Amino acid sequence: MTSDGADKLGRDDSRWDYAEPNGDIDFTPFRQSNRLPIWADPQDRYPKLPVRDYGTYRQHDQAIYHSPEVMRDEWEKIFKKSWMLVGHITDVPRKNSFMKVDRGPESFLVVRGDGEELTGFYNFCSHRGAQLVKADFGSTQKFVCPFHKWEFSTDGELTKIQDRESFRTGSICYDLDLPKIRVEHWRGWICINMDMDAVPLVDFLGPDFIERAEAYIFEDLIRIRDVEQEWPANWKVAREIFLEGYHVQATHPQYNPAVNAYHAQHDLMDNGHGLSVFQFMSPNPEYVGKVEGLAEEHEIFLREAGVPESDWPASVSDVPQAVINAKRNRKDPPIDYSRFTDGQLIHDWNQSVFPATETFYHPEGYFIQHWLPHPSDPEKCIYQVQVYAVPGISELPSFMAVPNADLSGRKTLPRTYIGFDDMESLGPVIKQDRDMVPRLQRATHSDGFRGGVFSEQEVRIRHFHDQYFRLMGRQHP
Ligand code: FES
Ligand SMILES: [Fe+2]
């Protein structure tokens with residue numbers, strides 16, 4: 001630090017006042033300027049991003065969590081203009097493979113052409129509007145509407161009108177091809193945009209986002225889990241849960257011995273994107289010194305890294321290095337671990353794509369979650385989770401909840417729709433988050449709840465609000 005409090009990167013949040021706890025406390029860890037321990041990235045490959053000050057407001061604008069007008073407004077101002085991550089190029093593995101993408105009230109088709117060329121268009125027949133395709137994934141030479149058999153090419157061009165002679169010429173003089181949307185992919189991740197004038201995808205993601213993902217292997221993946229469920233809350237209520245690690249110690253107590261969310265590094269990026277790096281394998285501060293021997297979660301991490309039980313360290317503090325060594329020294333490693341910093345080999349790199357997607361990166365695979373607006377009800381949302389594995393790996397981190405996955409990549413995995421009350425299929429961790437969702441939604445109608453206040457551990461929520469209120473042109477609280 002320099003004498004005025006800023007370091008050479010201009011990071012300075014030391015001037016801010018923090019609430020005084022009863023005893024002495026080191027405020028440094030949850031400051032935005034906190035960075036991961038130097039051993040995790042000795043070359044400083046991913047420098048900490050500068051601090052951004054989003055103030056101390058109370059989020060009293062509860063209408064954004066239940067108003068139908070706000071819901072319509074955010075569809076127009078945010079979702080119709082943002083790039084949305086919808087899948088991976090391996091989900092449409094060959095020419096004429098397609099995927100259906102439902103977002104809010106809309107439905108789209110993304111079709112693969114020659115090579116890695118992708119086309120996207122609306123999934124509603126131009127005759128009387130029947131949804132053309134109901135299947136989530138498939139392959140076809142043409143799309144045939146089930147209602148009156150109009151036919152469209154895989155580019156969305158109208159190719160056949162059934163009983164054409166029964167239409168007066170003037171009735172079919174309109175442009176009846178399926179309207180296009182933008183589709184681009186970045187290193188295999190497919191994104192769509194309804195705005196034909198939107199900036200290119202890489203500009204939307206921005207250099208900080210792209211740089212922080214560079215080590216991870218994205219190009220060739222296998223989708224091994226794909227689940228959708230309706231959740232009883234506005235999409236932002238659910239979204240905000242996953243923008244902070246403050247809740248981990250209370251909501252996911254099983255992680256206290258083995259996940260240090262308190263010392264997470266939070267990086268705030270342009271366009272509302274962000275990164276949190278959560279230290280896996282180290283205890284939450286309250287548990288330091290209280291953990292005798294290894295907790296079950298440590299044993300899982302060690303087992304997953306292939307450390308034989310006879311070599312397990314006695315102390316919790318030696319677990320991170322043991323896992324790093326196991327990955328670095330592995331004979332015939334399934335993936336090239338030399339691409340990664342030590343920290344990336346063990347930590348959870350948790351990068352968000354504004355507005356509705358959170359990605360969790362580990363060298364072996366990716367856990368992607370979306371909290372999407374419901375087609376019509378502002379007090380519900382559509383939760384989706386997809387897990388992608390890097391080919392060749394034998395196991396993914398257990399929190400990804402994919403036991404006995406088919407890692408062969410031979411079949412296109414269908415999407416599973418789970419019932420409203422089915423908590424078990426979410427896996428133990430997401431189930432705990434999902435339990436909080438209706439409690440939070442109820443508060444948005446209460447006169448007794450005057451709106452959320454946020455710690456610096458929750459700064460990414462303030463960062464999300466900043467972008468949200470700006471795009472909405474809505475008064476920021
Ligand atoms: S609605 Fe599609 S052919 Fe009539
Ligand atoms: Fe959680």
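How many bridges join β11 to strand β17, and in which sense do the two run? I'll get to that in point 4; first, a few notes on the chain as a whole.

1. Overall picture. Bear in mind that this is a predicted model. The protein chain carries 9 helices and 18 strands. Its radius of gyration comes out at 24 Å, which agrees with the value near 23 Å for a compact globule, given its 477 residues. Along the principal axes, the C-alpha atoms fill a box of roughly 85 × 55 × 45 Å. Of the 477 residues, 41% are buried. If you care about contact order, look at the contacts with a separation of 6 or more: 63% of them come from residues 24 or more positions apart.

2. Two domains. The domain assignment splits the chain into domain 1, made of 30–68 + 207–472, and domain 2, which covers 84–197. Their C-alpha centres are 33 Å apart. The contact between them draws on 16 residues from domain 1 and 12 residues from domain 2. On the domain 1 side, the elements giving two or more residues are β11 (222–231) and β16 (365–373). As for chemistry, that side of domain 1 divides into 9 nonpolar, 3 polar and 4 charged residues.

3. A closer look at β11. This strand gives two or more residues to the side of domain 1 that touches domain 2. Is it mostly covered or mostly uncovered? Mostly covered: 8 of the 10 residues in β11 are buried.

4. Partners of β11. Back to the opening question: β11 is joined to strand β17 (residues 381–389) by 9 bridges, and the two run antiparallel. Within that pairing, Val227 sits opposite Val385 in β17. β11 also pairs with strand β18 (residues 416–417), this time in parallel, through 2 bridges. Val227 turns up here too, with Thr416 as its bridge partner in β18. So if you want one residue to click on, try Val227, which faces Val385 in β17 and is bridged to Thr416 in β18. As a general reminder, strands in a sheet pair through backbone hydrogen bonds, either parallel or antiparallel.

5. The seven-stranded sheet. There is an open sheet of 7 strands, ordered β1-β10-β9-β4-β3-β2-β5, and its pairing is antiparallel. Why is one side of β1 and of β5 left without a neighbour in the sheet? Because β1 (84–88) and β5 (137–139) stand at the edges, each with a single partner strand. On average, neighbouring strands here are turned by 30 degrees against each other, ignoring direction.

6. Inside that sheet. Strand β4 (residues 118–122) pairs with strand β9 (residues 180–186) in the antiparallel sense, over 2 bridges. For a concrete pair to display, take Phe121, whose bridge partner in β9 is Lys180.

7. The three-stranded sheet. Another open sheet has 3 strands in the order β6-β7-β8, with antiparallel pairing. Which strands form its edges? They are β6 (142–144) and β8 (158–160), each pairing on one side only. Neighbouring strands in this sheet are turned by 35 degrees on average, again ignoring direction. Strand β7 (residues 151–153) runs antiparallel to β8 and is joined to it by 2 bridges. The residue to pick out is Phe152, which stands opposite Leu158 in β8.

Key
Residues are numbered from 1 along each chain as its sequence is written. Chains are lettered from A and ligands numbered from 1 in the order in which they are written. This is a predicted model: local features need pLDDT of at least 70, side-chain atom pairs count only at pLDDT 80 or more; totals for chains, interfaces and linings use all residues. Domain bounds come from an automatic or database domain assignment. Two residues are in contact if their C-beta atoms, placed from the backbone, lie within 7 Å. Helices (H or I, at least four residues) and strands (E, at least two) are DSSP runs, numbered from the N terminus. Ala, Val, Leu, Ile, Met, Phe, Trp, Tyr, Cys and Pro count as nonpolar, Asp, Glu, Lys and Arg as charged, and the others, Gly among them, as polar. Two strands pair if DSSP finds at least two bridges between them. Axes are lines fitted to C-alpha atoms, for helices over the stretch in contact, and angles run from 0 to 180 degrees between N-to-C directions. The radius of gyration is taken over C-alpha atoms; the globule rule is 2.2 Å times the number of residues to the power 0.38. A residue is buried if 20 or more other C-beta atoms lie within 10 Å of its own, exposed if 12 or fewer, and partly exposed in between; C-beta atoms are placed from the backbone.
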